[in-house]
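Welcome, and thanks for taking a look at this one with me. Let's walk through how some of its strands are arranged.

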Amino acid sequence: MKSPHLLIPLALIGSSLLTGCNDDSSNKPDTTAVVVDEKHYQPFTIGLLPDTQGGSDASGQAHVALHPLREVLKHQSAAGADMVIALGDLTDKGSAVEWQEWTSVAKTYRDQGMEFLPVMGNHEMNYSYTHAWVETMRDYIPEDAVHMPGYEWINYYVVRENVLVIGLAYYNLPIAIDWIEETLEKTAGQVDHVVVASHDGLIGAKYGLTREQIVEGTKDDDWVYAVADQIRALFSQHDVIYVQGHEHQYQRSLIAKDTAQTTFPSGSTPSGGNYRMNAYTQIMAGNASYKGYEFRYGERELVQMIIAQKNATQSGGSTHFDVNSGLLHFDNDRVNYQGYFAEHTATSNNSDQAFTADWQLHDQFTRTGNRCETVVYPNSIPDGTRSVMVFQPDYITDICLADDGSVARLAGGVNNTFNRTDTRGRDMEYMPGFSRAETLTDLTRLAYQWMYQFHESWTPNLNGEQRIIPNTVDNVLDIPETTIDLKEHVTLSWTPATADTLSDILIVSGTQNQTGVYQGDYGETKDILTDAGLPGSTTDASSAKTPVVLPATATRSWNISDAVADAYAVEFKGAENLTADNAQLASLKASQWQPLTSGNCVTAGRWLKSYLQTPPVRPAECANQPLVGYDAGENTWWTVLNRDAELALITL
């Protein structure tokens with residue numbers, strides 16, 4: 001990873017560089033910094049614009065959903081977006097009227113300096129394909145875009161700062177994967193971050209190439225089947241952030257290189273340093289149209305771990321649609337993501353349907369490439385379920401190593417606050433001689449090979465013992481409705497020290513994204529405190545997930561701006577010369593480094609897990625300060641937090 005001008009305190013380089021120190025100051029680190037000349041990149045922000053198709057009016061004329069489109073672009077412009085990725089289905093039928101509507105809004109922002117990177121959706125492909133798309137979008141596709149041979153104006157990439165952005169048309173991911181691999185090799189020395197954008201994805205909520213083209217695919221039609229493993233492996237290797245539209249709902253998940261149950265928490269080795277989990281991030285950007293989809297088929301838990309799920313359909317008990325705005329901020333080695341939503345009831349472009357979006361933050365993460373990570377499961381895992389190494393609800397990780405020799409790890413805490421969602425039941429079919437599956441058994445096998453975890457005590461499926469059911473009466477494969485408890489993707493990232501810190505900076509992210517919200521398959525509100533999950537949603541097919549007892553701190557709100565995480569512990573150790581005599585543990589608040597607690601409130605001694613339930617006795621004035629301790633024997637600080645945080649050692 002490239003980094004900005006790296007500021008390294010001389011004390012961290014070695015005593016041979018220090019001169020003129022007397023005995024009185026020998027235990028005080030010299031904070032004079034040496035600047036290592038590394039390339040510095042300007043911050044770069046990408047906005048994610050979901051589907052904006054508006055449907056047809058009474059005369060049959062299709063329109064763009066102008067009210068959501070205006071609100072999203074206004075929000076992203078105010079947030080300083082340098083580029084907006086339009087994630088397909090810009091239009092409903094690709095008509096001249098729709099192109100004029102879309103460009104009438106986008107042109108204003110383009111002329112103000114906002115760059116667009118549009119990708120073709122199925123509605124453009126089905127109705128207007130090459131001619132109207134190229135005719136209109138050539139004015140929005142960047143002039144310096146590098147196009148895939150034979151797919152010009154359809155698949156292309158640009159490099160901005162240290163970010164590679166690849167745009168792909170609907171259904172083009174498998175077609176383009178070799179070109180993507182070549183592009184990654186070609187740009188390897190230029191970029192630290194990779195964003196791949198397309199209208200659809202490999203793993204879906206309602207759709208997904210795996211279900212559509214493999215499990216329910218056509219016999220001997222292997223254009224997805226042959227490369228699906230290659231896609232997951234390549235994207236995992238390059239830490240890809242994959243963004244898509246198409247699904248008219250919001251979802252963030254991790255897609256495993258192999259399987260979710262073999263995607264173990266990451267850590268470090270003395271010789272190799274930190275290593276990441278074998279997975280990549282997939283973001284379904286949500287909705288900016290006048291329709292919403294229910295959550296069908298559920299979590300593909302064989303290869304997927306859902307971190308965030310939110311949909312609103314204005315039907316089935318849901319009272320509104322959502323409009324979504326996502327922002328990816330890149331700053332040298334760091335990526336910071338925020339997902340926003342606003343409720344609305346607009347169904348047309350009529351003036352009386354106009355609304356002003358009340359944007360609320362509902363998803364976020366911050367991380368760098370130099371990180372360790374884990375998936376923290378909710379505490380609803382049934383007693384007696386084998387952990388299989390990954391089913392753990394505790395905030396515990398292996399040690400994570402910084403470049404300056406600092407070491408950190410998560411040392412305790414339990415995920416008691418989590419979100420829950422229902423899915424709608426569906427079925428899958430086959431046609432002997434035409435489909436890949438020749439029999440119902442074949443179809444069942446394919447579903448378990450590619451989508452769902454086959455339930456055994458040693459390979460449990462937490463979403464139901466009978467995740468799929470062969471229906472011999474109707475000769476279809478039933479996917480029962482079920483209830484899913486979401487996971488947390490918790491990361492420990494390192495970024496270089498600044499002039500204000502004595503150590504590299506630890507970023508803890510992913511602890512406060514869930515608040516105890518429960519929604520039904522159509523996005524309707526349910527109560528996790530009183531409502532049981534759907535029948536058969538546990539590893540015991542005869543039972544349902546039970547109502548949850550939440551901590552008093554759980555807000556049960558979609559807005560996470562004031563969310564409180566479950567208490568978790570962090571251990572932090574700096575370089576050997578940094579001790580409690582010359583350094584203190586601090587957090588970044590409002591761009592200022594502040595000690596986590598005053599000196600007289602630091603508890604002496606090692607971290608004890610029992611402190612989560614019974615904290616050590618401290619002076620009365622420490623009651624409202626974070627619990628912080630220092631283990632002199634190990635030269636290690638520890639603290640208990642209830643929010644994401646940036647931590648470092650600073651001078652006393």
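Which residue in β30 does Cys-372 stand opposite? Cys-372 faces Leu-492 across the strand pair. Please keep in mind as you browse that the model is predicted.

**The six-stranded sheet**

That pairing belongs to an open sheet of six strands, ordered β21-β30-β31-β40-β35-β36 and paired in antiparallel fashion. At its edges you will find β21 and β36 (592-595), each of which pairs on one side only. From one strand to the next, the twist averages 25°.

Let's stay with β30 for a moment, since there are partners to follow on either hand. Strand β21 (residues 371-376) runs antiparallel to β30 and is joined to it by six bridges. Strand β31 (residues 505-509) is also antiparallel to β30, here with five bridges. Leu-492 appears in both pairings: Cys-372 stands opposite it, and so does Val-508 of β31. Another pair to look up is Val-375, which sits opposite His-489 of β30.

Here are some of the opposite residues and bridge partners, collected for easy lookup:

| Residue | Partner |
|---|---|
| Cys-372 | Leu-492 in β30 |
| Val-375 | His-489 in β30 |
| Leu-492 | Val-508 in β31 |
| Pro-470 | Leu-477 in β28 |

**How enclosed is β30?**

Is strand β30 buried or exposed? Eight of the eight residues of β30 (residues 488-495) are buried, so the strand is largely enclosed by the rest of the structure. The cut-off behind that word is a relative accessible area under 20%. The burial involves both faces of β30. On one side, Glu-488, Val-490, Leu-492 and Trp-494 are buried; on the other, the buried residues are His-489, Thr-491, Ser-493 and Thr-495.

**The three-stranded sheet**

Now for another sheet. Three strands, in the order β26-β28-β27, make up an open sheet with antiparallel pairing. Its edge strands are β26 (426-428) and β27 (469-471), each pairing on one side only. Ignoring direction, neighbouring strands here are turned by 35° against each other on average.

Within this sheet, three bridges connect β27 with the antiparallel strand β28 (residues 476-479). Pro-470 has Leu-477 in β28 as its bridge partner.

What lies across β26, β27 and β28? Helix α8 (residues 440-450) does, and this helix runs at about 35° to β28.

Note on methods. Residues are numbered from 1 along each chain as its sequence is written. This is a predicted model: local features need pLDDT of at least 70, side-chain atom pairs count only at pLDDT 80 or more; totals for chains, interfaces and linings use all residues. Side-chain values use heavy atoms; hydrogens and water are left out. Buried means under 20% relative accessible area, exposed over 50%, partly exposed in between (1.4 Å probe, protein chains only). Helices (H or I, at least four residues) and strands (E, at least two) are DSSP runs, numbered from the N terminus. Two strands pair if DSSP finds at least two bridges between them. Axes are lines fitted to C-alpha atoms, for helices over the stretch in contact, and angles run from 0 to 180 degrees between N-to-C directions. Contact means heavy atoms within 4.5 Å.
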